[in-house]
Structure formats: structure tokens, C-alpha cells
Amino acid sequence: DGSLHAASLVESNLANANFSGASLVGANFQRAQLNKVDFSQADLTGASFEGAKMEEADLRGAKLADAQFARADMTGVKLTGQDLRDVNLFGAEINQANLDEVNMSEAKVNGLDMRGSSLRKAQLYRAKLHFVNLKGGTLSEANLEKANLNGANLSGAYLNWTNLRGAYLFNADLTGADLSGADLTGARVTPEQLATVKSLKN
């Protein structure tokens, strides 16, 4: 029936496997090789992917409540539209990934490496994003209202039409960022920072 409840797949090589729609509640994929695995629509509630290599894995539509992705290599993963509020992403690498329309409101993802990732229309209200690396990332039309981006690397990022109302941007690197149409009402940002951006036009 495609069920692998609480299965132990520690350090398994499952690259290119198809787990689409499978029930993998509580499964243990720690340090497994999961590059290009299809987990779309799978039930991964409480599953552990700590330290796993899962480049370009497809997690769209999967149930991810309480899943653990600490220190996982998630380069190029597909997470479009996912609710990541109760997901442990501590120390994960999420470069060049598709996170469009994800919900990370009030999430704590300090220090996350998300270079070049796309977070178009993502919900990041009140998210704690201290020292997050979003260099070259796309956050167009994302909601970052009251988010804490202290020390974040937003150099070269696309923040056009992004909601940054009341966001905390002290020490954030905005060099070359595109802030066209962004709402900076009440944002904590210095004129010196804004002098380094590529565009501020509305």
C-alpha cells in the first residue's frame, strides 16, 4: 500500500526513487542519499531527514508537519506552496530552491543558507531571519511585514513589490538589491543601506 511507517532508511542510497503519495510517517532518512527523489504528495509527518543529501527532491504537496531537515543539503528542492512553520530547517542548505508561496510566518530560521532561492509571494510575517543568506534570491511580492532580517545578506536579491512594513533590516546587506515598488513603511533601515540598492522606484 506504499506504507513505510517509521521505516529506518538511515544512510540508504535512494537517489531517483519515487515515493509519490507514499505514507512515510515517522520514517528515518538521516544521512540518506535522496537526490532527485519524488516525495510529492507523500505523508512525511514527523519524518527525519537530518544530514540527508536531497538535491532537487520534489516535496510539493507532501505533509511535512514536525519533519526534521536539520543540516540537510536541500539544494534545488521543490517546496512550492508548502507550510514550513513546524518544520526544523536548522543548518540546512536550501540554495537555488523553489519556495514560492511557502508559509514561514513566525518561523525561526536564523542563519539559513538560501542563496539564489525563489520565495515569490512567500508568507514570512514576523519570521526570524537573522543572518539568513538570500544573496541573489527572489522575494518578489513576498510578505516580510515585521520580519527580523538583522544581518541578512540580501545583496542582489529581488525584493520588488515586497511587503517590508515594519521589517527590521539593521546590518542587512542590501547592495544591488532591487526594491522597486517595495513597501518600506516603518521599516528599520538606514539611508546608508538604501544608498547601496539597485532600484527603489515605485
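These legends describe an overall view and several close-up views of a predicted model of a protein chain.

**Figure 1. Overall view of the protein chain.** The chain holds one helix and zero strands. Its radius of gyration is 17 Å, close to the 17 Å given by the globule rule for 202 residues, so the chain is as compact as a globular protein of that length. Measured out along the principal axes, the C-alpha trace spans about 55 × 20 × 20 Å. Of the 202 residues, 50% count as buried. Accessible surface amounts to about 9,100 Å², and carbon and sulfur atoms account for 43% of that area. Among contacts between residues at least 6 apart in sequence, 0% join residues at least 24 apart.

**Figure 2. Charges and salt bridges in the chain.** The chain carries 20 positive and 23 negative charges, and the mean positions of these two sets lie 5 Å apart. Nine salt bridges are found in a search of the whole structure. One group, made up of Lys53, Glu55 and Asp73, is linked in a network of salt bridges. Individual pairs are shown in the next three views.

**Figure 3. Salt bridge between arginine 71 and glutamate 50.** The two side chains meet with an N to O distance of 3.3 Å. Arginine 71 lies in the segment before α1 (191–194), and glutamate 50 is also in the segment before α1, so the pair ties together parts that are 21 residues apart in sequence. Glutamate 50 has a relative accessibility of 25% and counts as partly exposed.

**Figure 4. Salt bridge between aspartate 83 and arginine 85.** An N to O distance of 2.6 Å separates the side chains of aspartate 83 and arginine 85 in this salt bridge. Aspartate 83 is partly exposed at 35% relative accessibility. Arginine 85 is partly exposed too, its relative accessible area being 43%.

**Figure 5. Arginine 115, aspartate 113 and the contacts of asparagine 133.** Arginine 115 forms a salt bridge with aspartate 113, and the closest N and O atoms are 2.7 Å apart. Arginine 115 counts as partly exposed, with 36% relative accessibility. Aspartate 113, at 16% relative accessibility, counts as buried. Both residues are touched by asparagine 133, whose contacts also take in Leu112, Met114 and Asn153 when residues up to four places away in sequence are not counted. Asparagine 133 is located in the segment before α1. From asparagine 133 to glycine 151 the C-alpha to C-alpha distance is 9.1 Å, with the two positions 18 residues apart in sequence numbering.

**Figure 6. Surroundings of serine 155.** Serine 155 belongs to the segment before α1. With a relative accessibility of 12%, serine 155 counts as buried. Leaving aside neighbours within four places in sequence, serine 155 is in contact with Lys135 and Gly136, and also with Asp173, Leu174 and Thr175.

**Figure 7. Surroundings of aspartate 173.** Aspartate 173 sits in the segment before α1. Its relative accessible area of 32% makes aspartate 173 partly exposed. Not counting residues up to four places away in sequence, aspartate 173 touches Ala152, Asn153, Leu154 and Ser155. Two of the residues named here appear in earlier views: Ser155 is buried, and Asn153 is among the residues touched by asparagine 133. The C-alpha atoms of aspartate 173 and leucine 134 are separated by 9.8 Å, the two residues being 39 apart along the chain.

**Figure 8. Surroundings of arginine 188.** Arginine 188 is found in the segment before α1. Arginine 188 is partly exposed, at a relative accessible area of 43%. Outside the residues up to four places away in sequence, arginine 188 touches Ala167, Tyr168, Leu169 and Phe170. For phenylalanine 170, one of these residues, the C-alpha atom is separated by 6.4 Å from that of arginine 188, and the two lie 18 residues apart along the chain.

Conventions
Residues are numbered from 1 along each chain as its sequence is written. This is a predicted model: local features need pLDDT of at least 70, side-chain atom pairs count only at pLDDT 80 or more; totals for chains, interfaces and linings use all residues. Side-chain values use heavy atoms; hydrogens and water are left out. Helices (H or I, at least four residues) and strands (E, at least two) are DSSP runs, numbered from the N terminus. The radius of gyration is taken over C-alpha atoms; the globule rule is 2.2 Å times the number of residues to the power 0.38. Buried means under 20% relative accessible area, exposed over 50%, partly exposed in between (1.4 Å probe, protein chains only). Contact means heavy atoms within 4.5 Å. Accessible areas come from the Shrake-Rupley method with a 1.4 Å probe; for residues, only the protein chains shown count as cover. Lys and Arg count as positive and Asp and Glu as negative; His and the chain ends are not counted. The place of a charge is taken as NZ of Lys, CZ of Arg, CG of Asp or CD of Glu. A salt bridge is a side-chain nitrogen of Lys or Arg within 4 Å of a carboxyl oxygen of Asp or Glu.
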